[in-house]
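Dear colleague,

Please find the structure below, handed over for your own work. The findings follow directly after it.

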Amino acid sequence: MSVLTNNLDLFLRAFGQTLQLFAVSAVLSLVLGTLLAALRVSPVPVFRGVGTTYVTVVRNTPLTLVFVFFVFAYPLLEILKIDEYTAAVVALTLYTAAFVCEVVRSGINTVPVGQAEASRALGLTFTQMLGNVVLPQALRSVVPPMTSTMIALLKNTTVASGFAVFQAGNIRETLADQGDNVLIGLLWVALGFVILVMPLTYVQQVFEKRWSVAR
């Protein structure tokens, strides 16, 4: 217990930074992933090809390599200067968006084809059909897998600790430098992540109950 109480400020700052990194990356990846899903089901072959290529490449690339590119390789291009925190947000967003895309696309595939055909018969454009008819129904079925994707994103934020971004992943290093019990510290870190995951699970259960009644 002394490891936690003696380093409470360290734990609070580290997990606060983790939450900030997670929140920003989650919002951006949800937006980008949904747009990619729209490309994946687009009637335009070029758009489908772009979406498929992106998902195939990013999903099969280790997250660490994505971080390495944006932290070390991207600055050499001298396009737009970004700091390590921004690089971490970009890396997490681009990586997670590929998984969000597939989750949303799986939800779109659960919507009966007749819904899209009826929308076209009414004269709706693809964008109108997707935004007003298909996506609202699709998102109801993807709550569990989307929650799992967000939980994975939360845990993936620890990768940023290896690229000069201070967050929960740096607690072990700091405790070791101070001579504190690292094993006990890591147990507290694990408990901290469990506590952070609990609200996500609760939100999932709330939406599942609400939308199951709506159906």
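A residue is called buried here if its relative accessible area is under 20%, exposed if over 50%, and partly exposed in between, with a 1.4 Å probe and protein chains only. The model is a predicted one, in which local features need pLDDT of at least 70 and side-chain atom pairs count only at pLDDT 80 or more, while totals for chains, interfaces and linings use all residues. Residues are numbered from 1 along each chain as its sequence is written, and side-chain values use heavy atoms, with hydrogens and water left out.

Overall architecture

The chain holds ten helices and zero strands, where helices (H or I, at least four residues) and strands (E, at least two) are DSSP runs numbered from the N terminus. Its C-alpha trace spans about 70 × 50 × 25 Å along the principal axes. Of the 215 residues, 37% are buried. Taking contacts as heavy atoms within 4.5 Å, residues 24 or more positions apart account for 79% of those with a separation of 6 or more.

Surface and charge

The exposed area of the chain is about 11,900 Å², of which carbon and sulfur atoms supply 66%; the areas come from the Shrake-Rupley method with a 1.4 Å probe. There are 13 positive and 10 negative side chains, and the centres of the two sets lie 16 Å apart. Lys and Arg count as positive and Asp and Glu as negative, without His and the chain ends; each charge is placed at NZ of Lys, CZ of Arg, CG of Asp or CD of Glu.

Aromatic pairs

Rings of Phe, Tyr and Trp (its six-membered ring) pair if their centres lie within 6.5 Å; planes under 30 degrees apart are stacked, over 60 edge-to-face, and the rest tilted. The whole structure contains four such pairs. In one of them, Phe15 and Phe193 meet edge-to-face, at 5.5 Å centre to centre and 65° between the planes. This pair links distant parts of the chain, with Phe15 in helix H2 (residues 8–40) and Phe193 in helix H10 (residues 182–214), 178 residues apart. Phe15 has a relative accessible area of 11% and is therefore buried; Phe193, with a relative accessible area of 11%, is buried as well.

The pair of Phe70 and Tyr74 is tilted, because the ring centres are 6.0 Å apart and the planes stand at 40°. Both residues belong to helix H4 (residues 63–77), four residues apart, about one turn of the helix. Phe70 is buried at 14% relative accessible area, and Tyr74 counts as buried at 14% relative accessibility. Phe69, Phe70 and Tyr74 form one aromatic cluster.

With kind regards
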